[in-house]
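Visitor: I'd like to learn how to read a structure like this one, feature by feature. Could you walk me through it?

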Amino acid sequence: MMDQLRTGSQSRRAAVLAGVLAALSVVLLVLALGVGSTGFESVLRIADDPLAAQIVRDIRAPRSLGAWFAGGLLGLAGAVAQGLFRNPLADPYLLGSASGAALGVALALAVAGSTPMAAEWLVRLGLTSAAFAGAVGAVLLTLALARGVQHTLRLLLAGVVVGVVLGALGQLVLMLRPEVMLAMQAFSLGTTSFVGWTSCWLMGSVCLLCLLVAGAQAHVLDGLSLGEATAVSLGLPLARVRALLVTVLALATGTAVAQTGLIAFVGLAAPHLVRSLVKTTHGYLILLSGLMGALLLLAADTLARWLIAPQELPVGVLTAVLGGAYLLFLMHRRSPSRGGL
Amino acid sequence: MRAGLAPAAGHIDALVAASLRVRLGDNEVLHGVTLRIAQGCWTTIVGPNGAGKSTLLKALAGLLPCQGEVALLGRSLGDVRGRIRAQQIAWLGQGEGGGDDLTVWDVAMLGRLPHRAWLAAPSAQDDQAVETALRATQAWDWRARSLGQLSGGERQRVLLARALAVQAQVLLMDEPLANLDPPHQADWLQLVRALVAQGRTVVSVLHEVSMALQSDMLVVLDRGEVRHHGASSHPDTHAALLAVFDQRLRIVALHGQWVALPATPAQLHV
């Protein structure tokens with residue numbers, strides 16, 4: 001009864017949306033198992049053909065699930081970033097994690113240099129660690145330059161500076177060692193083709209951890225949306241929560257970037273898509289943005305594998321094109337009186 | 001310093017400021033404000049633009065770093081834990097943007113955060129407080145709409161409901177009448193009088209002098225200093241008002257109320 005009196009319709013919508021996104025994810029995951037260079041037959045022959053079973057179980061399954069988790073990480077990070085910075089254009093990479101990760105990978109590639117193909121998995125592991133270290137290092141550098149997390153404008157500006165400077169350094173490394181350029185390209189465009197079960201579990205656990213931590217602080221983001229003074233007047237511990245949420249941002253983007261490279265727009269677009277469907281508090285928004293990001297990246301990844309099969313597109317290219325188109329659509333759909341985005 | 005905060009015999013003031021100094025950037029905005037705001041009455045801070053009215057209100061709410069002391073209900077603000085303070089003081093800021101994606105209900109429910117345990121769902125008491133607050137500002141019908149869909153005046157009424165939902169002993173409001181049409185200004189007036197009748201303390205910042213004259217007490221602030229603090233109907237208070245506004249208004253009695261009118265150039269030269 002009381003539930004109907006308050007915003008029952010909106011929270012019910014949020015719950016329904018969560019259910020729909022989860023159901024779509026399951027459908028798409030099953031579909032994604034059938035997409036790849038050997039086609040859908042591999043799924044049908046899974047029982048009697050060990051090679052087909054291996055393709056589905058060890059290649060398609062982990063990379064599909066990996067795409068889902070990476071998208072989830074980026075989506076929830078986007079919702080946290082937009083809430084924390086009170087800015088709908090905030091992107092989860094805005095504390096410099098993307099260019100930090102890119103620099104880390106460029107350095108690792110330059111050092112590894114002419115490693116024979118046999119050691120590819122070793123290099124891969126090295127690259128993942130380098131990307132993660134680069135991303136987290138860049139966020140720490142941003143925090144140091146902004147002298148803490150309490151001044152959000154300073155934090156944003158420091159993030160821009162770190163992004164530009166580290167990006168330039170990364171380009172410099174590439175210029176000095178042009179032979180790593182091709183490998184670097186794969187990272188910059190984002191790809192899920194290297195995601196194995198280990199990465200899957202790692203991203204899954206980080207995703208769950210970030211959701212729990214961010215979800216537990218969601219009410220602070222609600223209070224913060226009315227302004228810093230109001231949030232403080234409500235007795236909310238802004239300082240502690242900012243530190244926690246910046247950690248969530250660094251961890252989520254660092255993990256996603258390390259496993260799948262730079263995937264554009266998922267973190268920015270997922271929360272916007274959710275908000276265009278339902279008006280709700282940050283508790284739901286963070287969860288739904290995670291689910292939405294997961295679904296978006298899985299869909300983009302499946303599409304990337306299917307569009308020009310048996311070849312595949314880098315998924316980052318698809319998310320950039322689709323995400324850019326969607327943002328433009330959103331910008332033009334909003335009435336001019338509300339000032340667009 | 002503490003001596004200035006000691007309650008006067010028998011009763012405790014709602015808010016006491018002693019030698020309050022606030023710097024914003026390189027500017028000192030408040031130059032040692034000392035003030036006692038009595039419980040159970042409506043006090044309005046008035047003064048010219050840039051006098052430091054909003055800054056004073058923020059400092060009283062403990063939202064700004066400041067020198068000097070502020071005491072809330074007899075206890076130094078620094079000694080009161082954030083959560084307890086949030087239960088005792090409700091704050092309504094000026095022209096606050098944001099929150100566009102929250103529903104009206106969710107916004108008002110934010111006012112219950114100081115009373116709710118961490119991660120606890122709202123209790124029936126919280127629901128009741130939010131409903132009462134939303135009905136008091138006639139915002140109840142929009143409870144399922146998002147804040148971004150409302151007009152400026154409607155939005156202000158929802159934010160007012162958010163502050164009311166705290167059910168705090170002391171209510172601080174910065175320009176609460178912004179964007180409100182005359183009927184809703186009258187409603188707000190009634191609401192404040194009802195709160196005061198219940199023994200609550202209301203402190204508001206108003207730029208409209210006629211509205212300010214409706215309150216019980218006036219604090220006349222100019223260039224970061226208190227020029228006068230007295231009953232709004234008292235002639236001394238009116239004189240202080242005329243002084244800080246360069247004699248460019250007239251205060252007249254009309255149907256038993258004091259009203260401020262702009263002074264015409266002809267009157268200025270008499």
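## Reading the model

Guide: Let's start with a loop: T280(A) sits between α13 (266–277) and α14 (282–306) of chain A. Keep in mind that this is a predicted model.

Visitor: Is T280(A) buried or exposed?

Guide: T280(A) has a relative accessible area of 9%, so it is buried. Setting aside neighbours within four places in sequence, T280(A) contacts A14(A), L285(A), D101(B) and L102(B).

Visitor: And where is D91(A)?

Guide: D91(A) belongs to the loop between α4 (50–84) and α5 (97–112) of chain A. Outside its neighbours within four places in sequence, D91(A) is in contact with A81(A) and L268(A). Its C-alpha atom is 29 Å from that of S9(A), a residue 82 places away along the chain.

Visitor: Now helices. How do I read which side of one is which?

Guide: The general idea is that an α-helix has 3.6 residues a turn, so residues three or four places apart point the same way. Take helix α7 (residues 152–176) of chain A: its buried residues are T152(A), L155(A), A158(A), G159(A), V162(A), L166(A), G170(A), V173(A) and L174(A).

Visitor: What span should the 25 residues of α7(A) have?

Guide: At 1.5 Å a residue, 36 Å is expected, and the end C-alpha atoms of α7(A) are 36 Å apart, so the two agree. Helix α4 (residues 124–136) of chain B passes the check too: its 13 residues should span 18 Å, and its end C-alpha atoms are 18 Å apart.

Visitor: Which residues of α4(B) are buried?

Guide: D126(B), D127(B), A129(B), V130(B), E131(B), A133(B) and L134(B) are. Just past the end of α4(B), Q138(B) has a positive phi of about 50°.

Visitor: What should I make of a positive phi?

Guide: Most residues other than glycine have a negative phi. Besides Q138(B), look at R223(B), where phi is near 45°. R223(B) lies in the loop between β9 (217–222) and β10 (225–231) of chain B, and its 61% relative accessibility makes it exposed. Then there's D246(B), with phi near 55°. D246(B) is in the loop between α8 (235–244) and β11 (249–254) of chain B, and it is exposed as well, at 58% relative accessible area.

Visitor: How do I describe two helices that meet?

Guide: Packed helices are described by the angle between their axes and the distance between the axes. In chain B, the axes of helix α5 (residues 152–165) and α6(B) come within 13 Å and cross at roughly 5°. Angles under 35 degrees count as roughly parallel, so α5(B) and α6(B) fit that description. From α5(B), R157(B), L160(B) and L164(B) make the contact; from α6(B), H184(B), W188(B), L191(B) and L195(B) do.

Visitor: How many aromatic pairs does the structure hold?

Guide: Four, over all chains. One of them is W42(B) with W188(B): the ring centres are 5.4 Å apart and the planes sit at 80°, so this pair is edge-to-face. W42(B) is in strand β3 (residues 42–46) and W188(B) in helix α6 (residues 182–197) of chain B, so the pair links distant parts of the chain, 146 residues apart. W42(B) is buried, at 1% relative accessibility, and W188(B) is buried at 1% too.

Visitor: What lies over the face of W140(B)?

Guide: R143(B) does, at 4.2 Å from the ring centre.

Methods
Residues numbered from 1 in each chain as written. Chains lettered and ligands numbered in written order. Predicted model: local features only at pLDDT ≥ 70, side-chain atom pairs only at ≥ 80, totals over all residues. Heavy atoms only, no water. Phe/Tyr/Trp six-rings, centres within 6.5 Å; stacked < 30°, edge-to-face > 60°. Helix = DSSP H or I, 4+ residues; strand = E, 2+ residues; numbered from the N terminus. Buried < 20%, exposed > 50% of the residue type's maximum accessible area, 1.4 Å probe, protein only. Lys NZ or Arg CZ within 6 Å of the ring centre and 35° of its normal. Expected span 1.5 Å × (residues − 1). Axes fitted to C-alpha atoms, helices over the stretch in contact; angles between N-to-C directions. Parallel < 35°, antiparallel > 145°, perpendicular 65-115°, else oblique. Contact = heavy atoms within 4.5 Å.
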